[in-house]
Amino acid sequence: MIKKQGLAIICGIAALLFGASFDASAQGNPESGQQLSTKGDGSGAPCMACHGPNGEGNAAGAFPYIAGMNEQYLYRQLRAYQTGDRKNAVMSMNIDNFDDQQLQDIAAYYASLDKPASTASNANAELLEQGESLVNIGNWDEYIPPCSSCHGPNNQGVDENFPGIAGQHASYIKQQINGWKNGDRKTDKVQLMEAVAKRLNDEQIEAVSAYLASIPAAE
Ligand code: HEC
Ligand code: HEC
């Protein structure tokens, strides 16, 4: 119980820190963002080629769903591919020619879409059960807090700092956790997520990814 309270306090402090440093709210134009999403940045492919016509992503390619995510969160992630805080050869080349306003417009467009309906999961029951327990209860002996303590009720996200991870493709979730472990992703300035990622072993990563992919992205 004490550990849980401690974590809640840490999350609260983090939210304050984030709130202070990301105060400037983006002014994106979703109509212009929609047009950009169909054209791409001139050197890359149109967003929908990988993220789908409705921003639903694609499990086989580890292309995340981006529809209905928080606008500020999306904008920050797009910027991170440009600054190198996020490294991914497949994604970065698709947005490197956009200016800041264009990134804000694209973020506004995808944020305005509905989150995708969940897809059926074919993961085995034992793995899903292990995942469910880690995601919702955590493993306090291994200092792994429940994912839901930060990612919100049903892991559907809280404000611009804690993204929804429910219903996300398992392949992509796994890729992100490994990205924090190996340094490809440094977007998390107070290292809340990095700290959790580094405590998860391969089997636990499989389990949480499979379980999260099996639950609805939105109510
Ligand atoms: C060739 C395939 C491809 C194209 C085209 C593409 N992406 Fe991506 N996108 C990816 C992959 C793969 C990832 C995950 C990369 C990683 O692990 O960081 C990604 C990640 C993202 C993320 C991070 C999502 C999150 O939850 O953090 C955003 C936002 C995004 N893409 C937006 C776009 C936009 C906007 C466009 C068009 C301008 C675009 N992508 C074009 C493949 C693509
Ligand atoms: C202490 C708070 C905290 C806990 C606990 C936590 N996360 Fe996170 N997580 C974050 C933050 C903050 C981010 C956003 C980092 C950023 O800004 O890029 C994040 C981002 C993510 C992302 C990237 C989502 C995307 O679309 O870009 C995934 C996947 C993720 N977390 C999975 C998990 C899983 C699985 C667990 C449980 C095992 C977990 N998280 C527990 C704080 C947390």
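A polar contact here is a pair of N or O atoms within 3.5 Å; within protein, one must be able to donate a hydrogen and the other to accept it, and residues adjacent in sequence count only if both atoms are side-chain atoms. The model is a predicted one, in which local features need pLDDT of at least 70, side-chain atom pairs count only at pLDDT 80 or more, and totals for chains, interfaces and linings use all residues. Residues are numbered from 1 along each chain as its sequence is written, chains are lettered from A and ligands numbered from 1 in the order in which they are written, and side-chain values use heavy atoms, with hydrogens and water left out.

Ligand 1 comes up first. Its shell holds 26 residues, with C47, C50, H51, Y81 and M91 coming nearest; a residue belongs there if one of its heavy atoms lies within 4 Å of the molecule. In the side chain of Y81, an N or O atom sits 2.7 Å from an oxygen atom of ligand 1. Y172 does something similar, with a side-chain N or O atom 3.0 Å from an oxygen atom of ligand 1. For H51, the partner is a nitrogen atom of ligand 1, found 2.8 Å from a polar side-chain atom. Two or more residues of this shell come from each of helix 3 (47-51), helix 4 (71-83), helix 5 (89-92) and helix 9 (170-182). Helices (H or I, at least four residues) are DSSP runs, numbered from the N terminus. Helix 4 gives the largest share, five residues.

As for residue class, the shell around ligand 1 has 19 nonpolar, six polar and one charged residues. Ala, Val, Leu, Ile, Met, Phe, Trp, Tyr, Cys and Pro count as nonpolar, Asp, Glu, Lys and Arg as charged, and the others, Gly among them, as polar. Ligand 1 lies between domain 1 (30-112) and domain 2 (118-214), because both give residues to its shell; the domain bounds come from an automatic or database domain assignment.

What about ligand 2? Around ligand 2 there are 27 residues, and C147, C150, H151, T187 and M193 come nearest. A polar side-chain atom of T187 is 2.6 Å from an oxygen atom of ligand 2. Y172 turns up here too, with a side-chain N or O atom 3.1 Å from an oxygen atom of ligand 2, and for R76 the corresponding distance is 3.2 Å. Helix 4, helix 8 (148-151), helix 9, helix 10 (192-199) and helix 11 (202-214) each supply at least two residues of the shell, the largest share being the four from helix 9. The shell around ligand 2 divides into 19 nonpolar, five polar and three charged residues, and at least three residues come from each of domain 1 and domain 2.

Helix packing rounds off the picture. The axes of helix 2 (residues 30-39) and helix 6 (residues 100-112) come within 7 Å and cross at roughly 95°. Axes are lines fitted to C-alpha atoms, for helices over the stretch in contact, and angles run from 0 to 180 degrees between N-to-C directions. Helix 2 is therefore roughly perpendicular to helix 6, a label for angles of 65 to 115 degrees. Among the residues making the contact (heavy atoms within 4.5 Å) are P30 and L36 of helix 2 and I106 and Y109 of helix 6. By class, six nonpolar, five polar and one charged residues take part in the contact of helix 2 with helix 6.

Note on methods. Parallel < 35°, antiparallel > 145°, perpendicular 65-115°, else oblique.
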